[in-house]
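Here are some notes for a colleague who is meeting this structure for the first time. They are best read with the model open alongside.

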Amino acid sequence: MPLRVYDDRGRQLLFIRPPRRIVSLVPSDTLNVFAVGAGDRLVGRTRYCVAPEGRVDAIPIVGGTKDVDVDAVIALQPDLILANQEENSRAHLERLAQLQLPVFIAFPRRVAEGIAHLARLARIVGTEDQSRDLLRKGLGTARAIEGNPRPPIAAFVPIWMEPLMTINQDTFMSDALTLAGGQNIFSDRQRRYPLQADLGAAEARPAGERDTRYPRVTLDEIVDRSPEIVLLPDEPHPFTEADAQVFRERLPSAKVVFCGGRDLSWYGAQSIDGLGRLRALIDSLR
């Protein structure tokens, strides 16, 4: 029976049969495809799709998340392309869609939405039965953590160093942080345009359709918000010990530690165990 689904942009996709040739343009979705038992159907990935380690090496690379080689994707004749509104270039996705290729665009902003996306993916590829235990574990983990909240601890999580950037509450990372027991000190902060407005040195102009969820901040602004902990993820920006020292000098009373970026930002299968690791790390800093 044909399967009709809608992606996170509200676009309808119709599958006559489960897809057999999948191209993933999203690292977390590459892991998700393997997690639901369809890894052998992946025929293309980005250079950043490195998990599960040792199992993706033979899959052809079609560029990066932002610089997808559209012609290489077309040549692979995929019957499903997994993409993300935030991670992939709009121009590339629009070109693929214009060619009538089945592009499924995800955009989960909450951990629970990521688990729901994993279930929807299992349904699309026809592996719901064999994925049932994994999905039950995911839902159980999320419910257990939500049902056992920790006293929030003020946390700062940068995602870039130069310029210094962070996250607001309308992001997947902030939701993961909250569930793990952290309180995002910039949850209310929106990115302002232009740059000088974001740094408080000019009046803001209308953002239009531009993303306001990743504000650029100053060290003084961070100090004013008094985080108790600073978590430095290893991706998308590989923070260094020199970066950590900058925060330790300006925030002498805060605990500055490194953490796994995947546990904070990869949706779906990664969250099932990653959320527990993140909570354990934050608990250790109390």
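How many cavities of 30 Å³ or more does the structure hold?

1. The structure, which is a predicted model, holds 1 cavity of 30 Å³ or more. The volume of the largest cavity is about 30 Å³, and the residues lining this cavity are Val 111, Ile 115, Gly 138, Thr 141, Ala 142, Ser 271, Ile 272 and Leu 275.

2. It is worth tracing where that lining comes from: helix 4 (111-125), helix 5 (128-146) and helix 11 (269-284) each contribute at least two residues to the lining of the largest cavity. By character, the lining of the largest cavity divides into 5 nonpolar residues and 3 polar ones, with no charged residue.

3. Open space should be considered separately from the cavity. The largest pocket contains about 1,600 Å³ of space, and of the 45 residues that line this pocket, Lys 66, Asn 84, Glu 86, Glu 87 and Asn 88 are the closest to its centre. The lining of the largest pocket is made up of 19 nonpolar, 9 polar and 17 charged residues.

4. Several elements take part in the lining of the largest pocket, with at least two residues each from helix 1, helix 3 (90-98), strand 6 (103-106), helix 6 (172-179) and helix 10 (261-265). Among these, helix 3 gives the largest share, which is 4 residues.

5. Helix 1 deserves a closer look, since in addition to supplying at least two residues of the pocket lining, helix 1 (residues 27-35) is mostly covered, with 8 of its 9 residues buried. The buried residues are Pro 27, Ser 28, Asp 29, Thr 30, Leu 31, Asn 32, Val 33 and Phe 34, and their cover includes strand 3 (22-24), strand 4 (42-44), strand 5 (80-84), helix 4 and helix 11. After helix 1 comes Gly 37, which has a positive phi, near 85 degrees.

6. As for the protein as a whole, there are 11 helices and 10 strands. Its radius of gyration is 20 Å, close to the 19 Å that the globule rule gives for 286 residues, so the protein is as compact as a globular protein of that length. The C-alpha atoms fill a box of roughly 60 × 40 × 30 Å along the principal axes.

7. Finally, on burial and contacts, 51% of the 286 residues are buried, while the protein exposes about 13,600 Å², of which carbon and sulfur atoms supply 49%. Of the contacts between residues at least 6 apart in sequence, 61% join residues at least 24 apart.

Terms used: Residues are numbered from 1 along each chain as its sequence is written. This is a predicted model: local features need pLDDT of at least 70, side-chain atom pairs count only at pLDDT 80 or more; totals for chains, interfaces and linings use all residues. Side-chain values use heavy atoms; hydrogens and water are left out. On a 1 Å grid over the protein atoms alone, a cavity is a set of points where a 1.4 Å probe fits but cannot get out, and a pocket is an open set with protein on both sides within 12 Å along at least five of seven lines; lining residues have an atom within 4 Å of a point. Grid points are joined across faces, edges and corners, and a volume is the space filled by probe spheres set on the points. Ala, Val, Leu, Ile, Met, Phe, Trp, Tyr, Cys and Pro count as nonpolar, Asp, Glu, Lys and Arg as charged, and the others, Gly among them, as polar. The radius of gyration is taken over C-alpha atoms; the globule rule is 2.2 Å times the number of residues to the power 0.38. Buried means under 20% relative accessible area, exposed over 50%, partly exposed in between (1.4 Å probe, protein chains only). Contact means heavy atoms within 4.5 Å. Accessible areas come from the Shrake-Rupley method with a 1.4 Å probe; for residues, only the protein chains shown count as cover.
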